[in-house]
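Open the structure in your viewer and follow the stops below in order. Each stop says what to select and what is found there.

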Amino acid sequence: MYLNCKTFFSLLYGTIKTEDLVLKAAAYGIKMLALTNINTTSDAWDFTDHCEKNHIQPILGAEIRNESLFCYILLAKNNAGFFQINRFLSEHLQSKKAFPERYTGDDENVFVIYPFGKFAPETLGLNERIGIQTTELNKLYGFDPEAYPDKFVIRHPVTFQDKKHYNVHRLLRAVDKNILLSKQQQEDVAGLHEMFISPLELSSSFDSYPGIVDNTTRMMQCCTIDMEFRKNKTKKVYSMSAEDDRTLLEKLALDGLAQRYGNNNPQAKERVEKELRIIHQMGFNAYFLITWDILRYARNRGFFYVGRGSGANSIVAFCLEITDVDPLDLDLYFERFLNPHRSVPPDFDIDFSWADRDQIIDYVFKRFGSEHVCLLGSYSTFQRRAIIRELGKVFGLPKGEIDALEHPSGNYKQDKIHEQILFYSGLIKDFPHHQSIHAGGMLISDAPVHEYTTTTLPPKGFATSTIDMFVAEKIGLFKLDILSQRGLGHIKDTVELVRQNRQVNIDIHDIKRFKKDKKVAAQLMSVDTIGCFYIESPGMRQLLLKLECRDYLTLVAASSIIRPGVAQSGMMRQYIQRYHRPKDFVYLHPIMKELLEETYGVMVYQEDVIKVAHHFAGLELGDADVLRRAMSGKYRGMKEFDAIRNQFFTNCRQKGYEETLIVEVWRQIESFGGFSFSKAHSASFAVESYQSLFLKTYYPQEFMVAVINNFGGFYSREVYFHELKKTGAQLVPPCVNEGHYLTSIRNNIVHVGFIHVEGLEEKLVARILEEKGRHGSYFHLQDLIERTDPPLEQLNLLIRIGALRFTGKNKKELLWEANFLQKKTTRQVAGHVPLFNEPPVEFKLPQLKQHPLNDAMDEMELLGFPLCNVWDLADADTSRYITASELKSNKGKSVNTAGYFITDKVVRTVRGDNMHFGTFLDKRGEWLDTVHFPGSFRYTPFQGRGFYELTGTVVEEFGVYSIEVEHCNKLGIKSW
């Protein structure tokens, strides 16, 4: 009788968790239950799983609505019906079309239940029904439903648990409509009766109509769904047959083996053959070939990519050029990627440039068919602060009160409304709020994707599943991660700029050469890494200095220990100490020495956790893998994590370990939560870092231009332009004759791109550049105006940034002339070129002088930074201040220096105060690091961008010098 149940996946409507709905039904002894969320089937698989565990017959369907208007319910009679419902929903969700008033899809495998009064029973088809709610029974007086014995069914909606959750439902509806609760209309909310009542109470309501009760039961008994969990449903065959896949993969792997290792490397050949056997046994031939196919296409298009994650443990992946990490070189074991003990098969993570990723996704859809491909969805959930803010708006609270609720202080007095907001925010926490897209996951299914999920069409423009990665995993759909990052754009564009500017072709995949290059090693040792992938942040640069990093293997370790899980647990500091003094510490236990000698007893990689859990605590490899996944945040709940924790402690106690030892080992494991890397992942990151580092070492100007044009990285544009100036490049403002929309380089002259000019319209720049390309350079201001007809305010921006300096006139003269010409000159159609090149109008003007500081101020306003040496603007005697290079000779002393503020990092202390770590540039343009304890920062905080006088004590840690700041005073800017 329960054929219209919703969960909180009826977003901002339902209030019941999927498992709780099933458990409630089980408590009532219910044997059949239908899930009909609004316009989605997102949790259908979870629902089915829970039903089977509780011996309930699951029925799948959907409640179709156009906004607040209820249309009908669809129930799948079988798997074919579920497929039809998913396809029907997807068609309308993707096209944004309203659902039809009457169901137009397949009616052979789908039951359709309309609201009472919508259609006359005699007009209904074989599988169409009319649903009667308990609140509508009075409408049956004078009407004989027995005349249509199979057309009426009970429709009792289940939307919330109780009166308390009815209030939650109302609040969610107000949030969805973005209205005050007091303005809510009755049609926007469900009826108060839509709770889970007992079967006896529900059937008793229909005592006068036993035929309706029987018909409801008969209809539900006709619905069966057969779902197979955790069996591979990813595309199983790449070529014509599974055997063809096996032989093709073997050929490609052996061809790659010869290319990567030569023809006489028995160790590599043995490893390849071993992996091929396991890949075939576990049915992963097609998965490798699909990945290879995608990357072959990428290489043919000249797209750069990095294969990373645990896939880099595979020598077959290395031979197929899926990754550039040599697993033999790093002693990476394949079983971390693929083995029979893994709880869930793995996936490949492939990074592409942000500019290329969409073309790769488009290729996958077209290559393997849109019926079988979709992006993987995800769900953003309500968290405390967001809920409070939303509920505060619903209750009509002013911003100040909402802020006070978000960040309560001891002296803030709460009233009744505040208490309600805090109470209901606790109930709503972790509810799904809206559907999003997984960072990079794609599903390529053997059967059409609509057999498993509904799909939507987000603004990205690619069909996206309404199931998330956890459900996909449960189904047996193993994602392929097609990710994007700016770092690869840096590399790709640098290679092209070097080819254009220097006529040099670079083999960017010659990683072995980069690792051995002494200049690259020196660049790494000096930590001249600004713009380089993953190794440019202040924290990473300091870590590399502390490790005296000069080689690939040390960089691999650094890429992992910089992660918060290692750093915040104190293990990063221990690693650095032990790295420098490997004989001055004692391992926690002899087994730990055996397992972790390479990392000085510190768990640095996910593999370390698996080894410790298996060899030290005696967990099965499968359980150790569950621990790894739970620790990495790849489970939605903590049940698995808690169960493994208990098993860990039980096993360790049985082995006779001391309790303090068990607790400490577990503390180190737990500290990894959500932040650990696999060793192969770190190795992949380090490969990309080396590629960036090689380009920065040998082609620093082109590299920095590429970094600037990809708009990514840790720092602001100003820092990257500063780095560009340090290379000796001549940096000049945009120019309508020489410049481009993006920053460009010719020889060592760099023109700032028009894209950086605040307020300048892209369409005008495109018109100017197109006209120049078609008819040649501009001769003078009047020529530019006549050929492109720029609006006066846009023309003024071009003049102020210096884009018309080719005229030989200063900005003040040009601004005066522009104002006159735009008003007096006959307007031309943009793009009109006069038959003869007439001389411009001559103006007799008084002498208008331009001070150099005027240019700097214009640049700061329009670009956000000056193109001159920024210290030329400081209103201070810089000779009074020491530089970063002088800190070493002043260790332990109080010093006075000045810095140009770049960025800061805030760390929460044990007491809950904020501690700041500042990053500045000194007067020579070198990096200056500062530490600001809560006490001093409270009295002398940062005041935004600019120059600061810094007074404090020089401190040193592992050869890295910084200043513990006592006073921090902002300096002024010169005036004229």
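## Stop one: strand 18

Select residues 914-921, which form strand 18. Of its 8 residues, 6 are buried, so the strand is largely enclosed by the rest of the structure. Keep in mind that this is a predicted model.

## Stop two: the partner on one side

Add residues 894-908, which are strand 17. Strand 17 and strand 18 run antiparallel and are joined by 8 bridges. To see one pairing, pick Val 907, which stands opposite Met 915 of strand 18. Then look at the hairpin between these two strands, where 5 residues lie between them. Gly 912 in this hairpin takes a positive phi near 95 degrees.

## Stop three: the next hairpin

Now select residues 927-932, strand 19. How many bridges join strand 18 to strand 19? There are 6, and the two strands run antiparallel. Here His 916 stands opposite His 932 in strand 19. The hairpin of strand 18 and strand 19 has 5 residues between the strands, and its Gly 925 takes a positive phi near 85 degrees.

## Stop four: two helices

Leave the strands and select helix 18 (residues 518-525) with helix 28 (residues 679-698). Their axes come within 9 Å and cross at roughly 100 degrees. Angles of 65 to 115 degrees count as roughly perpendicular, so helix 18 is roughly perpendicular to helix 28. On helix 18, show Lys 519, Val 520, Gln 523 and Leu 524, which make the contact. On helix 28, the residues making the contact include Tyr 690, Leu 693 and Phe 694. By class, this contact has 6 nonpolar, 2 polar and 2 charged residues.

Definitions and conventions:
Residues numbered from 1 in each chain as written. Predicted model: local features only at pLDDT ≥ 70, side-chain atom pairs only at ≥ 80, totals over all residues. Heavy atoms only, no water. Buried < 20%, exposed > 50% of the residue type's maximum accessible area, 1.4 Å probe, protein only. Helix = DSSP H or I, 4+ residues; strand = E, 2+ residues; numbered from the N terminus. Pairing = 2+ DSSP bridges. Axes fitted to C-alpha atoms, helices over the stretch in contact; angles between N-to-C directions. Parallel < 35°, antiparallel > 145°, perpendicular 65-115°, else oblique. Contact = heavy atoms within 4.5 Å. Nonpolar A, V, L, I, M, F, W, Y, C, P; charged D, E, K, R; others polar.
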